[in-house]
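This report describes the fold of a single chain and then turns to selected residues. The sequence and the model are shown below.

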Amino acid sequence: EPEERRREILMMGLRLAEGIPYGRLDRLPPADRRAALVDEGYLIDDGQVLAATAAGRQRLNGLLAYLLS
């Protein structure tokens with residue numbers, strides 16, 4: 001199932017310091033949600049890779065719920 005695969009990639013990839021290359025995701029989480037998490041210091045989004053910061057990885061369940069809702 002494509003949506004389940006996307007969730008799995010986000011869940012597993014954001015646990016890694018190197019994050020997820022955009023090419024691995026068929027659809028990115030909404031830009032406004034990504035930007036809010038970048039502003040809060042929980043996410044890095046450089047236009048090529050989506051990664052959780054150390055603080056973001058500590059709150060990963062909340063980040064994922066926000067990104068996937």
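A residue is called buried when its relative accessible area is under 20%, exposed when that area is over 50%, and partly exposed in between. On this basis, 32% of the 69 residues of the chain count as buried. The model is a predicted one.

## Overall dimensions and surface

The radius of gyration of the chain is 11 Å, which agrees with the value near 11 Å that a compact globule of 69 residues would have. Along the principal axes, the C-alpha trace extends over about 30 × 25 × 20 Å.

The chain presents an accessible surface of about 4300 Å², and carbon and sulfur atoms contribute 50% of this area. The chain carries 10 positive and 11 negative charges, and the mean positions of the two sets lie 3 Å apart. Among contacts with a separation of 6 or more, 51% are between residues 24 or more positions apart.

## Secondary structure and sheet

The chain contains 4 helices and 3 strands, and their order along the sequence is α-β-α-β-β-α-α. The strands form an open sheet of 3 strands in the order 1-3-2, with antiparallel pairing. Strand 1 and strand 2 are at the edges; each has a single partner strand, so one side of each has no neighbour in the sheet.

Strand 1 (residues 20-21) pairs with strand 3 (residues 49-52) in the antiparallel sense through 2 bridges. One of the residues involved is Pro21, whose bridge partner in strand 3 is Val49. Strand 2 (residues 43-45) also runs antiparallel to strand 3, and 3 bridges join these two strands. Here Asp45 stands opposite Leu50 of strand 3. Strand 2 and strand 3 form a hairpin with 3 residues between the strands, in which Gly47 adopts a positive phi near 90°.

## Arg34 in helix 2

Arg34 is located in helix 2, which covers residues 31-39. Is this arginine buried or exposed? Its relative accessibility is 12%, so Arg34 counts as buried.

Once residues up to four places away in sequence are set aside, Arg34 touches Tyr22, Leu28, Pro29, Leu43, Asp45, Leu50 and Leu67. Asp45 and Leu50, both among these contacts, are also the residues that stand opposite each other in the pairing of strand 2 with strand 3.

## Arg59 and Leu64 in the C-terminal region

Arg59 occupies the loop between helix 3 (54-58) and helix 4 (60-68). With a relative accessible area of 40%, Arg59 is partly exposed. Its C-alpha atom is separated by 8.2 Å from that of Tyr42, although the two residues are 17 residues apart along the chain.

Leu64 belongs to helix 4. Which residues does Leu64 contact when neighbours within four places in sequence are left aside? They are Leu10, Met11, Leu14 and Arg15. Leu64 has a relative accessibility of 6% and therefore counts as buried. The C-alpha atoms of Leu64 and Pro29 are 9.8 Å apart, with 35 residues of separation along the chain. Pro29 is also one of the residues touched by Arg34.

Terms used
Residues numbered from 1 in each chain as written. Predicted model: local features only at pLDDT ≥ 70, side-chain atom pairs only at ≥ 80, totals over all residues. Heavy atoms only, no water. Buried < 20%, exposed > 50% of the residue type's maximum accessible area, 1.4 Å probe, protein only. Contact = heavy atoms within 4.5 Å. Rg over C-alpha atoms; globule rule 2.2 N^0.38 Å. Areas by Shrake-Rupley, 256 points an atom, 1.4 Å probe, with all protein chains shown as cover. Lys, Arg positive; Asp, Glu negative; His and termini not counted. Charge placed at Lys NZ, Arg CZ, Asp CG, Glu CD. Pairing = 2+ DSSP bridges.
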